[in-house]
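Dear colleague,

Please find below the sequence and the structure that I am handing over to you. My findings follow directly after them.

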Amino acid sequence: MESIQGFDLSNPSPVTLSTTTTTKNPTALTITTTTTSPTTAAATTLSSCSSSNSPSTLSRYENQKRRDWNTFGQYLRNHRPPLSLERCSGAHVLEFLRYLDQFGKTKVHTQLCPFFGHPNPPAPCPCPLRQAWGSLDALIGRLRAAFEEHGGKPEANPFGARAVRLYLREVRDSQAKARGISYEKKKRKRPVLPQLPPPTGS
């Protein structure tokens, strides 16, 4: 699964979210995450193995979802003023996604850049680095599922808010134009069934 690029979740140093302090060093803005004991991890692995034919894939997804959930929880606690999950709205989710852009590694060309719309730029340029649309889309999917797994009501899920869906669509379209790539899903070709001969009369 895709994870947030450049966002180190293993470094225990706290994150500072004041609006007057910015930094480009991703290791200085890492989130503390909790770890499970070996017994709990083993139980989780056994549960995954018994419920899926591909336990390794399920385990990676669940682990990433837990890290993302812990990251967002830490973000709310470090927010100024601090936010509770009950008061979190789609606007706060958008704020979180924009905050993550500083850890991005995807070059997004501006319209003034000579490489705008060029999928393979021949030279470097000063355009900003951003989180790729695919990373953000996958992140929101995991957080949306985690919210409901932690007792949240689907109709009150801030990760499924209309503003969040519109933002992701805007990011997808703007990055596709800036990078000269297409995010359209390829339609699967249906297999052509051979035509059976008409039945012959007896």
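Confidence in this predicted model differs between elements: helix 4 has the highest mean pLDDT, at 96, whereas helix 1 (residues 38-51) has the lowest, at 42. Over residues 1-55 the pLDDT is below 50, and in the model this stretch has 78 contacts beyond near neighbours in sequence. Where pLDDT is low, the predicted coordinates should not be read in detail. The average pLDDT for the protein is 75, with 63% of the residues scoring at least 70.

As to the overall arrangement, the protein contains 5 helices and 2 strands. Read from the N terminus, the order of elements is α-α-α-β-β-α-α. Of the 202 residues, 34% are buried. Among contacts between residues at least 6 apart in sequence, 62% join residues at least 24 apart.

Two helices deserve a description of their burial. Helix 3 (residues 90-100) is mostly covered, with 8 of its 11 residues buried. The buried residues of helix 3 are G90, H92, V93, L94, F96, L97, Y99 and L100.

Helix 4 comprises 17 residues, from 133 to 149. Its end C-alpha atoms lie 24 Å apart, which agrees with the 24 Å that the helix should span at 1.5 Å a residue. The buried residues in helix 4 are W133, G134, S135, L136, A138, L139, I140, R142, L143, A146 and F147. An α-helix has 3.6 residues a turn, so residues three or four places apart point the same way. Just after helix 4, G151 adopts a positive phi of about 95 degrees.

I also examined the second largest pocket, which holds about 190 Å³ of space. Which residues line this second largest pocket? They are D101, V108, R130, Q131, L136, Y167, E170, V171, S174 and Q175. L136 thus appears in the lining and is also among the buried residues of helix 4. The largest share of the lining comes from helix 5 (residues 162-179), which gives 5 residues. By class, the lining of the second largest pocket consists of 4 nonpolar, 3 polar and 3 charged residues.

In reading the model, I would ask you to keep the two ends of the confidence range in view: helix 4, with its mean of 96, and helix 1, with its mean of 42.

With kind regards

How values were computed: Residues numbered from 1 in each chain as written. Predicted model: local features only at pLDDT ≥ 70, side-chain atom pairs only at ≥ 80, totals over all residues. Heavy atoms only, no water. Helix = DSSP H or I, 4+ residues; strand = E, 2+ residues; numbered from the N terminus. Expected span 1.5 Å × (residues − 1). Buried < 20%, exposed > 50% of the residue type's maximum accessible area, 1.4 Å probe, protein only. 1 Å grid on protein atoms, 1.4 Å probe; cavity = no way out; pocket = protein on both sides within 12 Å on 5 of 7 lines; lining within 4 Å. Points joined across faces, edges and corners; volume = space filled by probe spheres on them. Nonpolar A, V, L, I, M, F, W, Y, C, P; charged D, E, K, R; others polar. pLDDT = per-residue confidence, 0-100. Contact = heavy atoms within 4.5 Å.
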